[in-house]
Amino acid sequence: MATASGGSEFVDKFPDEAAIIKASFLIAFVSLGIGAFFGLIQALHRTNVLRVIDSADYYTLLTGHGVLLAIVFTIFFLCGVFHWAVARSLDRPAESALFSWAWVGLMTTGTVLATVAILGGLVPNLGMSADVLFTFYAPLQAHPIFYIGLAMFIVGTWLSGADWFLSYRAWRQDHPDERIPLQTFMVLTTMIMWYISTLGVAVSVVFFLIPWSLGLIESVNPLLTRTLFWYFGHPIVYFWLMPAYLLWYTVLPKLAGGRLFSDPLARVVFLLFLLLSTPVGIHHQYLDPGIAEGFKFIAMTNTMFLLLPSLLTAFTVVASVEHGARQRGGEGYLRWLGALPWRDPAFTGMALAGAMFAAGGFSGMINAGMNINYLIHNTLWVPGHFHLTVGTAVALTMMAGSYWLVPQVTGTKLYSRPIGLLQVIMWFVGMVFMSNAMHRAGLAGIPRRTAEPQYQNFEFLTPIGSIFELRVQIALGGTLLFLSVVLFLFNILLTSLGEESDRPVDSYLPEPLSGPEGSPRILDNLAMWTGIAAVLVVLAYTLPLAGIIQNGGGLFGGGLPVPATVSAGFDLVMTTVTSAFNTLWGVVA
Amino acid sequence: MKLTKARALILIAFSVPVAIELRTVAGFFNVELPLIAVAVIEFLFLALLFVLYGLYGEGSESAA
């Protein structure tokens, strides 16, 4: 994994790629700014600290916050990072700059359309709204251009993946016997996972939600669109997370002063995410009627398996960072922590993000457990959880990574390391306040997704402290997080406007301690792993979907989902199993 | 080990979750810690850190 860029900087060696990455980052950061502003308004509104909007508009801002941050910011940033990683690790530009601009253009157009539809909700006279929240399934309905924009965005991501696969294919022709460079391996496995998982949302949007919103069909099967959404809605978590993992595995050890502990282990982790991240979405539907308990149990089991790659990552990344600290003179069982480069915001931000991800993982296990999930389902606990995962592990890693990546694609030095350090620490503290209070509020039963969490003649109780304290923590946390984003955007803006430097950042990435030669070559057989992933999806989803279609009034609804105790008829089961077997056989053959 | 500004900031950051959950930990031992007590403890920690930074921080004689 030695640097492919040699002595020259990325922007000098790959100017077209740098331009693509800058465009991706620009859209990501604009979305981050708008989404964070919406988040501040929501935090202050819900906690009754400051109300500047009508409560009806809360849902418009909530949708904007979710879509702009969890989809647009994360995925545009991901595209920039992946484009950088593929060009850098293969040491070659993309096959066609025009093609690269095509996916940037398509994703941008989709983003604009979806955003216009969302913001249209703030202007009643427009007759346009998309207050469907981040979880855009029926029966909530948005304006058609919201769904069309999302479809264009998804197709854009497919094209971006094709761009990187084309680069890989060209590289493979020149290097028939070499192992896939680690960063490219990470990009390709992530994109395979994305192709498999987005099929669900593509079917939901194209075949059901767009025709329904255009009035071409009268009804949809709500449980079907919901299940297809969660078929994609959980793997998207890993789509956000994988670029963060890429940075933790390949950049963080270098920033710590060391080297990646194990290249083979990193490959295994990414393959496990490819296999395991898709057949789990039903764990978001434990309380849905119309899905038999057995399928929910299978989803829970699969979800628990997903802990394995996360724990492997915790071991590998911490081992790599400890190695770096000892290279810098760190000693003792824990004193080596003091030898780490805490002045560097890129390192500190990623390290803090990883630490908070551990907490998010623990609360995620609570979400995944069928029994205990009933305690926190649809409470504020859940936003508390994903503000630790996507809101910190991913977002903070992306912001911290920007302090190292942006100088590489702009050719300018970071404007201010102290501001960067203050920013990442402010994010950590803000998120501690906010997510901690959200988890606690969830345990007290305070609902999520509402502008008015207070009930009349009812009082939420907490075992320790008061609800008032929790509200103050959420408002304080939200304010700190917004200020942190302002500092970040300020720092990045001035960085990009700075004077060019011969060596804006040390971009060298050292070889891992244990290289790819120590792993079996079968890890690089992407076709085989894709086939296995598809088989697992078929096994996990065929029967539940058959039951949902049969018992929910067919593909287009017209009836209500029946209780989970009613199963699919024998004939339908046989037909489904036969077609599933044929599909499997087709994949294997 | 020199107490740099960055290290001091990290220690402050990590003191926040500890302070927030201090009452929970005390609750495990049937000790009801009022919010004001937590605020005082956190303030004392910050004051201690400030003193240590003055004694051993960047620019201090000991650090030099």
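This report walks through helix packing, loop geometry, a few single residues and the chain A–chain B interface in a predicted model.

## Where chain A meets chain B

Let's start with the interface. On the chain B side 16 residues take part, and they are in contact with 19 residues of chain A. Putting the two chains together buries about 1600 Å², and carbon and sulfur atoms give 72% of that area. If you want the big contributors on the chain B side, look at B:Ile10, B:Ile20 and B:Arg23: they supply 29% of the area that chain B buries against chain A, more than any other three residues.

One helix pair at this interface can be described in some detail. Helix α16 of chain A (residues 417-443) and helix α1 of chain B (residues 5-20) have axes that come within 10 Å and cross at roughly 5°. An angle under 35 degrees counts as roughly parallel, so α16(A) and α1(B) are roughly parallel to each other. From α16(A), the contact uses A:Leu421, A:Ile425, A:Phe428, A:Val429, A:Val432, A:Phe433 and A:Asn436. Facing them from α1(B) are B:Ala6, B:Leu9, B:Ile10, B:Ala13, B:Phe14, B:Val16, B:Pro17 and B:Ile20. Sorted by class, that contact has 14 nonpolar residues, one polar and no charged ones.

## B:Thr24, further along chain B

Moving on from α1(B), B:Thr24 sits in helix α2 of chain B, which covers residues 22-28. Is B:Thr24 buried or exposed? Its relative accessible area is 18%, and the cut-off for buried is under 20%, so B:Thr24 counts as buried. Leaving out residues up to four places away in sequence, B:Thr24 touches A:Arg440 and A:Ile464. A:Arg440 falls within the residue range of α16(A), 417-443.

## Two helix pairs inside chain A

Now for chain A itself. Helix α5 (residues 144-174) and helix α6 (residues 182-213) have axes that come within 9 Å and cross at roughly 155°. Since anything over 145 degrees is classed as roughly antiparallel, α5(A) is roughly antiparallel to α6(A). The crossing of these two helices is left-handed. Their contact breaks down into 21 nonpolar residues, six polar and no charged.

The other pair is α7 (residues 222-233) and α8 (residues 235-250), also of chain A. Which way do α7(A) and α8(A) run relative to each other? Their axes come within 5 Å and cross at roughly 25°, so the two are roughly parallel. The contact is made by A:Trp230, A:Tyr231, A:Phe232 and A:Gly233 of α7(A), together with A:Pro235, A:Ile236 and A:Val237 of α8(A). Those residues divide into six nonpolar, one polar and no charged.

## Backbone details in the loops

A few loop residues of chain A deserve a look if you care about backbone torsions. A:Ala138 and A:Pro139 are joined by a cis peptide bond, with omega at about 10°. A:Pro139 lies in the loop between α4 (97-119) and α5 of chain A.

Then there are two non-glycine residues with positive phi. A:Asn48 has phi near 65°, and this residue is in the loop between α2 (15-46) and α3 (55-90) of chain A. With 48% relative accessibility, A:Asn48 counts as partly exposed. A:Asp91 has phi near 55° and belongs to the loop between α3 and α4 of chain A. At 35% relative accessibility, A:Asp91 is partly exposed too.

## Two helix residues of chain A

Back on α5 of chain A you'll find A:Ser167. At 2% relative accessibility, A:Ser167 counts as buried. Which residues does A:Ser167 touch, not counting those up to four places away in sequence? They are A:Val86, A:Leu90, A:Arg92, A:Pro93, A:Ala94 and A:Glu95. In addition, A:Ser167 and A:Ala97 are 70 residues apart in sequence and 11 Å apart in space, C-alpha to C-alpha.

The other residue is A:Ala314, part of helix α12 (residues 307-327) of chain A. A:Ala314 has a relative accessible area of 41%, so it is partly exposed. Along the chain, A:Ala314 and A:Leu380 are 66 residues apart, and their C-alpha atoms are separated by 27 Å.

Conventions
Residues are numbered from 1 along each chain as its sequence is written. Chains are lettered from A and ligands numbered from 1 in the order in which they are written. This is a predicted model: local features need pLDDT of at least 70, side-chain atom pairs count only at pLDDT 80 or more; totals for chains, interfaces and linings use all residues. Side-chain values use heavy atoms; hydrogens and water are left out. Axes are lines fitted to C-alpha atoms, for helices over the stretch in contact, and angles run from 0 to 180 degrees between N-to-C directions. Helices (H or I, at least four residues) and strands (E, at least two) are DSSP runs, numbered from the N terminus. Angles under 35 degrees count as roughly parallel, over 145 as roughly antiparallel, 65 to 115 as roughly perpendicular and the rest as oblique. A crossing is left-handed if the near helix is turned anticlockwise from the far one by less than a right angle, and right-handed if clockwise. Ala, Val, Leu, Ile, Met, Phe, Trp, Tyr, Cys and Pro count as nonpolar, Asp, Glu, Lys and Arg as charged, and the others, Gly among them, as polar. Contact means heavy atoms within 4.5 Å. Buried means under 20% relative accessible area, exposed over 50%, partly exposed in between (1.4 Å probe, protein chains only). Buried area is the accessible area (1.4 Å probe) that two parts lose on being put together, summed over both.
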